[in-house]
Amino acid sequence: MAGAASPSLAAPAGRTLNLVLATSASVVCFWAWNSVATLGAFYTQNLHLNPATTGVLVAMPVFVGSLGRIVVGTLTDRYGGRAMFSFVLLASILPILLVAVGGTIRSFALVLGAGLLLGVAGTVFAVGIPFVSAWYEPARRGFATGVFGAGMGGTALAAFLNPRLVAGIGYFPTHLLIAAILALMAVLIWFRMQESPGWTRNNAPVLPKLLDAAKTPVTWKMCFLYAVVFGGFVSFATYLPTYLRDVYSFDPSGAGARTAGFALAAVLARPVGGVLADRLGPKPVVLTSLAGVAVLGWLVNLQPDGEVPAGLTFVAMAAALGLGTGGVFAWVGVLAPQGKVGSISGVVSAAGGLGGYFPPLVMGATYDPATHSYSIGLLLLVGTALVALAFTVFAVRGRTPAKVAAA
């Protein structure tokens, strides 16, 4: 069971170190997971891809990373965070190297297949949520999961560094560097990370645990909400470089820097969402997030002109999405029954990843080159956010840490 450790069992220094290690591992994995998406312009040019095909390519790691979270979350309940963090980091090395080879020989099929395998890096989220939850009491799990969730800042690193590294040291050496960092992080995790004193191995068979999680009503409610907020973040983080190139004519480095700023804003907002959910309850945090996404999605659709208006709009969108991701997973930490944190968080985080899989495909398929417009995709985002807002108001009952109950 990935349960909470009492303050008497878990020294603050121990849990802080393990929270830092878990977050660092997440940063590195998100960097690797987003490596294909951040070089979308490189693949478009060198592999001669159209917008729809580029959308398929950048979405591939998201697809496997999403579905894999279901299994990885349950395996974390059985084997613990230390073993599963190490596994995910090491298992991501070969796909990164295959991506390097595929891009070098200009093989679309190899990059696509390697990107599919690279999805394993995206499963890190389902490892970290039960791991850090076990170190913190329920009243502080919003904080803990929010800080760990800031590991998605690896997308900002990928967006900012990858185009510059490719321009500076070359495409193949860039991927060798990422592979080396994955290996070093795995070694650090294996020798320095520890399980919470309150954690005990859960040896129940995986399939019954997943079916049990699927029967819990809160699982599907949180799946839908997380698919909107985290899926929105993933889709923007993966497709924004292409969007900025098509709509605002930025070069790869300029688009990457701005995508990094978007990701950083979401990263900073996520722990804020978790802390606010601890204090105010998750429901008002999630409602604020969804309302902001709906309004800002409409503003993005208007294609605000000028660096400052456009930049502020995208940063505000990132903050709204980050706030929501922190709020939703704080809700999961409060509502998930004991012994089901790993399985439920695996299913919910999978839904979030899948929420980020389809939008790039829609954006690529609905792009209008004559007007440089992505209006259809953005208006679909607005509509989805409004539906989720109404769902949260009427179908999900608010809970605070002091009022934990099955929803």
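Reader: Which helices each supply at least two residues of the lining of the second largest pocket?
Author: This is a predicted model. The second largest pocket has a volume of about 250 Å³. At least two lining residues each come from H13, helix H14 (252-280) and helix H16 (307-335).

Reader: Which helix gives the most to the lining of the second largest pocket?
Author: The lining counts 14 residues. Nine are nonpolar, three polar and two charged. Five residues come from the top contributor, H16.

Reader: Which residue forms a salt bridge with Arg258?
Author: Arg258 is among the residues nearest the centre of the second largest pocket. Arg258 sits in helix H14 and its partner in helix H16, so the bridge ties together parts 49 residues apart in sequence. The closest N and O atoms are 3.0 Å apart, and the partner is Glu307.

Reader: Is Glu307 buried, partly exposed or exposed?
Author: Buried means under 20% relative accessible area, and exposed means over 50%. Arg258, at 32%, counts as partly exposed. Glu307 has a relative accessible area of 48%, so Glu307 is partly exposed.

Reader: How many residues does H13 give to the lining of the largest pocket?
Author: The largest pocket has a volume of about 390 Å³. Helix H13 (217-248), helix H17 (341-366) and helix H18 (375-395) each supply at least two lining residues. H13 gives the most, and its count is ten.

Reader: How many residues of the lining of the largest pocket are charged?
Author: The lining has 20 residues. Ser235, Gly355, Pro359, Gly377 and Leu381 lie nearest the centre. The lining divides into 14 nonpolar and six polar residues, and the charged count is zero.

Reader: How many residues apart are Glu137 and Arg15?
Author: Glu137 and Arg15 form a salt bridge, with the closest N and O atoms 3.1 Å apart. Glu137 is in the loop between helix H8 (124-135) and helix H9 (141-149), while Arg15 is in helix H1 (residues 12-33). The pair links distant parts of the chain, and the separation is 122 residues.

Reader: Which residue meets Arg245 in a salt bridge?
Author: Arg245 is partly exposed, at 24% relative accessibility. Its partner is buried, at 12%. The N to O distance is 3.1 Å, and the partner is Asp246.

Reader: Where is the place of Leu379?
Author: Leu379 helps make a nonpolar surface patch of about 460 Å², with Val295, Trp298, Leu299 and Leu302. The largest share of the patch, three residues, comes from helix H15 (residues 282-301). Leu379 is partly exposed, with a relative accessible area of 39%. Its place is in helix H18.

Notes: Residues numbered from 1 in each chain as written. Predicted model: local features only at pLDDT ≥ 70, side-chain atom pairs only at ≥ 80, totals over all residues. Heavy atoms only, no water. 1 Å grid on protein atoms, 1.4 Å probe; cavity = no way out; pocket = protein on both sides within 12 Å on 5 of 7 lines; lining within 4 Å. Points joined across faces, edges and corners; volume = space filled by probe spheres on them. Helix = DSSP H or I, 4+ residues; strand = E, 2+ residues; numbered from the N terminus. Nonpolar A, V, L, I, M, F, W, Y, C, P; charged D, E, K, R; others polar. Patch = residues over 30% accessible without salt bridge, like charges linked within 9 Å, V, L, I, M, F, W, Y side chains within 5 Å. Areas by Shrake-Rupley, 256 points an atom, 1.4 Å probe, with all protein chains shown as cover. Salt bridge = Lys/Arg side-chain N within 4 Å of Asp/Glu carboxyl O. Buried < 20%, exposed > 50% of the residue type's maximum accessible area, 1.4 Å probe, protein only.
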